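Welcome! Please keep the sequence and the 3D view open side by side, and let us explore this chain together.

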Amino acid sequence: ILAGVSSGLASATLVALINRELAGTGPATTASIVTFFAVTALVLVLNYSSRVLLLNLSTQAILEMRLYLCRQILSTSFQRLESLGSNRLLAALTEDVLTITTTLADFPLFCVNLAIFTCCLGYLLWLSPLLALALIAFVVLGTLTHEAIERRARTYLVSTRETWDVLIGGYQTLIHGSKELRLHRQRREFFFSGVLQPTALTMRKLAFTCQSIFALANSYGQALYFVLIGLILFAAPGFGRFDPQVLTGFTLIVIYMNAPLSYLVGTFPSFRRATIALEKLESLGLSLTPTICEEKATPATANGRTLELKKLRYTYRSEQEDHDFTLGPIDLQCKAGEITFVIGGNGSGKSSLVKLITGLYAPDAGEVRLDGRRIDNENRDDYRQHFSVVFSDFYLFESLVGLYNPDLDAQALHYLQKLQLASKVQIKDGVFSTTNLSQGQRKRLALLTAYLEDRPIYVFDEWAADQDPYFKEIFYLQLLPELKARGKMVLVISHDDLYYDVADKIIKLDSGKIIEQKYPAACKRT
Ligand SMILES: Nc1ncnc2c1ncn2[C@@H]1O[C@H](COP(=O)(O)OP(=O)(O)OP(=O)(O)O)[C@@H](O)[C@H]1O
């Protein structure tokens with residue numbers, strides 16, 4: 001602020017010096033020439049340093065905002081993120097962050113121009129308090145009416161932002177549905193002319209309306225400026241006896257102030273957009289609690305020997321109540337060194353149960369206990385650290401991120417050989433040479449990551465579904481029994497009834513409820 005004010009003060013001094021020279025009669029003195037160029041040098045230094053200082057502030061603010069938002073997303077519950085949908089999150093991370101950061105980046109110049117404007121006003125007050133007060137009243141009135149015009153753009157700006165969410169959804173379909181769109185001409189045509197085109201058209205209309213309003217406000221502002229100069233030149237002499245030098249000075253300063261004032265008024269639309277972007281970010285309801293990134297990794301307090309679910313219940317709420325899906329009440333006990341299969345038809349609730357068990361969802365009712373310890377919001381993140389999971393819609397990282405182990409590459413190589421991937425993928429410093437593999441091979445890499453995590457509880461959601469018969473057999477008859485022998489608690493969602501006898505316990509789900517429990521291993525023993 002100090003740098004900006006000094007810079008503004010120096011600029012106003014320069015204009016005052018110009019005014020003095022213009023009003024003077026004789027040739028300029030050496031002193032005034034030296035003063036003029038000295039102040040010019042000062043303006044250069046102060047202007048540059050104030051901008052750099054403010055740039056430092058604004059870029060730091062941008063950095064903090066970006067990281068803060070990413071951390072918020074990391075600490076927001078999975079339930080909330082799932083219900084928001086990826087298009088809204090992507091739109092927030094791109095559009096909203098961009099809007100806010102652009103405005104923040106404009107902030108240094110805004111401050112410098114505000115300082116110049118204020119200092120010029122100060123000089124005008126010194127020249128003639130009466131004229132200056134009349135000018136301030138005129139500027140305030142002008143700004144208010146200008147603002148009244150611009151305010152009309154707000155609803156259009158909000159609609160533009162809403163439409164942007166829809167457009168991002170369309171872009172996602174464009175990318176993720178590229179195979180299906182290429183294979184079906186009518187679908188492609190409908191998607192383009194029935195979905196993308198209308199949305200893009202709406203964006204265009206809204207943008208045109210907003211920009212027209214801003215253009216109107218801008219032209220009005222410019223016209224108002226000339227009215228102001230006209231008033232100084234023609235009307236002011238009628239209200240009192242003003243020195244012609246004062247009037248010339250006023251006109252000169254007011255013309256000089258045009259640039260900073262235009263800049264200040266010109267930033268109003270970006271502040272308006274930034275406010276809407278901030279409101280949009282707030283409406284996402286992201287977590288404001290301390291982020292999980294900042295939390296110190298607490299050592300796991302439980303070993304993962306027993307897991308108990310008691311009357312666990314979770315409901316997916318939908319717009320129409322009769323479409324709600326309720327999982328539970330579920331009562332289940334699993335132990336270390338035990339393989340539990342979860343079976344059931346499509347939509348019976350198997351994957352939802354896995355999300356509840358792994359702590360991605362917080363139950364609506366009932367409780368989860370690990371080694372007797374009740375899991376609640378306070379310890380749920382610690383609890384999640386006991387699981388190694390390969391989801392049916394798993395995400396494969398390009399490297400073994402977050403795994404710190406001096407023998408990591410050697411261990412990974414061992415598992416690459418075990419999973420018959422060594423000829424396809426190499427690993428160096430924890431980074432896979434490639435992840436461009438078949439779906440079944442990618443799942444094996446995901447399994448390798450789970451192996452290296454070496455956690456007490458393993459969960460596989462239809463892992464074997466993409467494997468060939470040979471590798472299916474290896475998975476059920478070698479890999480699962482090995483994990484069991486290592487004392488791991490293993491939960492497997494499976495439709496492979498050929499291998500059900502590998503399980504110690506099978507639970508069958510239907511419409512979100514356990515309808516059957518079997519113990520094949522016990523039967524085999526008897
Ligand atoms: N994200 C979600 N939002 C709302 N409802 C959901 C969501 N995910 C699942 N559901 C509801 O939960 C039901 C069970 O889904 P879930 O994915 O758990 O079934 P599943 O047994 O794993 O099925 P599949 O064998 O096809 O993978 C679905 O029929 C659906 O009604």
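This report visits the two sheets, the helices beside them, the ligand shell and a few single residues.

Please remember throughout that this is a predicted model.

## The six-stranded sheet

Let us begin with some background. Strands of a sheet pair through backbone hydrogen bonds, and the pairing can be parallel or antiparallel. Here, six strands make an open sheet with mixed pairing, and their order is β6-β9-β10-β3-β11-β12. At the edges stand β6 (387-390) and β12 (513-518); each has a single partner strand, so one side of each is left without a neighbour in the sheet. On average, neighbouring strands of this sheet are turned by 20° against each other, direction ignored.

Now find β10, residues 489-493. How many bridges join β9 to β10? There are five, and the two strands run parallel. As an example, Phe 460 has Val 492 in β10 as its bridge partner. Between these strands, the chain travels from β9 through α15 to β10, a β-α-β crossover that is right-handed. On the other pairing, β10 and β3 (residues 339-344) also pair in the parallel sense, over four bridges. Thr 340 sits opposite Leu 491 of β10.

Is β10 mostly covered or mostly open? Five of its five residues are buried, which makes β10 mostly covered. A general point helps in reading the next detail. In a regular strand, side chains alternate between the two faces of the sheet. In β10, one side carries Met 489, Leu 491 and Ile 493, and the other carries Val 490 and Val 492; all are buried, and both faces of the strand are covered.

Which helices can you find on this sheet? Helix α11 (residues 350-357) lies across β3, β9 (457-461), β10 and β11 (505-510), and runs at about 155° to β10. Helix α15 (residues 469-485) packs on the sheet too, touching β3, β9 and β10, and its direction makes about 150° with that of β10.

## The four-stranded sheet

A second open sheet holds four strands in the order β2-β1-β4-β5, with antiparallel pairing. Its edges are β2 (325-335) and β5 (373-374), each with a single partner strand, so one side of each is left without a neighbour in the sheet. The table lists its strand pairs, with one pair of opposite residues for each.

| Strands | Pairing | Bridges | Opposite residues |
|---|---|---|---|
| β1 and β2 | antiparallel | eight | Leu 309 and Leu 332 |
| β1 and β4 | antiparallel | five | Lys 310 and Glu 367 |
| β4 and β5 | antiparallel | two | Arg 369 and Arg 374 |

Helix α11 appears here again: it lies across β1 and β2, running at about 60° to β2. As described above, α11 also lies across strands of the six-stranded sheet, β3 and β10 among them.

## Around the ligand

Next, turn to the ligand. The residues surrounding it are Glu 82, Tyr 316, Phe 325, Gly 344, Asn 346, Gly 347, Ser 348, Gly 349, Lys 350, Ser 351 and Ser 352. Which element gives the largest share of this shell? Helix α11 does, with three residues. By kind, the shell divides into two nonpolar, seven polar and two charged residues.

## Three residues to look up

Finally, here are some single residues to find in your view. Lys 311 belongs to strand β1 (residues 306-316). Its phi is positive, about 45°, although Lys 311 is not a glycine. Is Lys 311 buried or exposed? Lys 311 is exposed, because 12 other C-beta atoms lie within 10 Å, and a residue with 12 or fewer counts as exposed.

Asp 454 is also a residue other than glycine with a positive phi, near 50°. You will find Asp 454 in the loop between α14 (439-453) and β9. With 13 other C-beta atoms within 10 Å, Asp 454 is partly exposed.

Asp 381 lies in helix α12 (residues 380-384). It has 13 C-beta neighbours inside 10 Å, and therefore counts as partly exposed. The C-alpha atoms of Asp 381 and Trp 164 are separated by 33 Å, and these residues are 217 residues apart along the chain.

Terms used:
Residues are numbered from 1 along each chain as its sequence is written. This is a predicted model: local features need pLDDT of at least 70, side-chain atom pairs count only at pLDDT 80 or more; totals for chains, interfaces and linings use all residues. Two strands pair if DSSP finds at least two bridges between them. Axes are lines fitted to C-alpha atoms, for helices over the stretch in contact, and angles run from 0 to 180 degrees between N-to-C directions. Two residues are in contact if their C-beta atoms, placed from the backbone, lie within 7 Å. A residue is buried if 20 or more other C-beta atoms lie within 10 Å of its own, exposed if 12 or fewer, and partly exposed in between; C-beta atoms are placed from the backbone. A crossover is right-handed if, with the strands pointing away from the viewer, the path from the first strand over the helix to the second runs clockwise. A residue is near a molecule or strand if its C-beta atom, placed from the backbone, lies within 6 Å of it. Ala, Val, Leu, Ile, Met, Phe, Trp, Tyr, Cys and Pro count as nonpolar, Asp, Glu, Lys and Arg as charged, and the others, Gly among them, as polar.
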